[in-house]
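Open the model in your viewer and keep the selection tool at hand. Each stop below names what to pick and what to look for there.

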Amino acid sequence: MEIALNRFKHKISFGTIKTVENDNTGDYDELFVPNITLRCALYNRTIAQSYQILGTSLEDTTVVAIRSTDKVSKQLLASYGGVTYQIVDIVKDSTGNLIAYDLLTLKKYVKKG
């Protein structure tokens with residue numbers, strides 16, 4: 001898979017959720033805590049791929065490409081464009097190219113409870 005380097009103009013952070021007490025209300029809020037920040041590119045699905053996922057759990061997902069790394073796993077959450085996402089799937093680049101990319105399928109994170 002070839003992705004032009006100039007498309008990697010966005011930043012995406014990966015991390016976990018920490019529960020912290022709100023001093024004003026006494027309630028507990030979820031706070032995204034980043035561990036690593038990388039450059040990413042939006043990956044556009046083909047029309048056929050978009051039709052294939054209609055009515056499935058992947059319908060409301062976003063795909064981004066990152067430079068291949070073992071530091072990102074499905075146990076982490078992603079923060080992109082001010083929105084926190086769950087990582088639904090990671091497709092590793094197996095082309096053997098010098099520069100490899102991973103495709104991450106992201107779905108908006110829903111607070112637990």
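Start with strands β3 and β6, which pair in the antiparallel sense over seven bridges. Bear in mind that this is a predicted model. For one point along the pairing, pick valine 64: leucine 104 in β6 stands opposite.

**Stop 1: the other partner of β3.** Select β3, residues 61-67. Now add β2, residues 28-42. Three bridges join β2 to β3, and the two run antiparallel. Show cysteine 40 and you will find isoleucine 66 of β3 opposite. Is β3 enclosed or open to the outside? Five of its seven residues are buried, so the strand is largely enclosed by the rest of the structure.

**Stop 2: leucine 42.** Stay on β2 and pick leucine 42, which lies in that strand. Leucine 42 has a relative accessible area of 34%, so this residue is partly exposed; the cut-off for buried is under 20%. Show its contacts. Leaving out residues up to four places away in sequence, leucine 42 touches Arg7, His10, Thr62, Val63, Val64 and Tyr80. Then draw a distance to leucine 104, 62 residues away along the chain: the C-alpha atoms are separated by 9.9 Å.

**Stop 3: the β4 hairpin.** Select β4 (77-80) and β5 (83-91). They pair in the antiparallel sense over four bridges. Tyrosine 80 has valine 83 of β5 as its bridge partner. The two strands form a hairpin with two residues between them. Click glycine 81 in the turn: its phi is positive, about 60°. Next add β1, residues 10-21. Three bridges join β1 to β4, again in an antiparallel arrangement. Here phenylalanine 14 stands opposite alanine 78 of β4.

**Stop 4: the largest nonpolar core.** Keep alanine 78 selected and expand to its contacts. Beyond residues up to four places away in sequence, alanine 78 touches Ile12, Ser13, Phe14, Phe32, Val83, Thr84, Tyr85, Ile87 and Leu106. Which members of the largest nonpolar core touch the most other members? They are Ile12, Phe14, Ile66, Ala78, Ile87, Leu104 and Leu106, out of 14 residues in the core. Colour by element: β1, β2, β3, β4, β5 and β6 each give two or more residues to this core. In soluble globular proteins, nonpolar side chains tend to be buried together.

**Stop 5: the second core and its ring pair.** A separate core of seven residues includes Phe8, Ala65, Tyr101 and Leu103. Zoom in on the rings. The count of aromatic pairs comes to one. Phenylalanine 8 and tyrosine 101 form a stacked pair, because their ring centres are 5.1 Å apart and their planes meet at 25°, while stacking requires under 30 degrees. The pair links distant parts of the chain: phenylalanine 8 sits in the segment before β1 and tyrosine 101 in strand β6 (residues 101-108), 93 residues apart. Phenylalanine 8 counts as buried, at 12% relative accessibility. Tyrosine 101 counts as buried too, at 4%.

**Stop 6: the largest pocket.** Finish with a surface view. The largest pocket has a volume of about 210 Å³. To outline the lining, select Tyr43, Arg45, Gln49, Gln52, Ile53, Leu58, Val63, Asp89, Val91, Leu103, Leu104 and Thr105. Two or more lining residues come from each of α1 (47-52), β5 and β6. Which element gives the largest share of the lining? That is β6, with three residues.

Terms used: Residues numbered from 1 in each chain as written. Predicted model: local features only at pLDDT ≥ 70, side-chain atom pairs only at ≥ 80, totals over all residues. Heavy atoms only, no water. Phe/Tyr/Trp six-rings, centres within 6.5 Å; stacked < 30°, edge-to-face > 60°. Buried < 20%, exposed > 50% of the residue type's maximum accessible area, 1.4 Å probe, protein only. Core = buried A, V, L, I, M, F, W, Y, C linked by side-chain atoms within 4.5 Å. Contact = heavy atoms within 4.5 Å. Pairing = 2+ DSSP bridges. 1 Å grid on protein atoms, 1.4 Å probe; cavity = no way out; pocket = protein on both sides within 12 Å on 5 of 7 lines; lining within 4 Å. Points joined across faces, edges and corners; volume = space filled by probe spheres on them.
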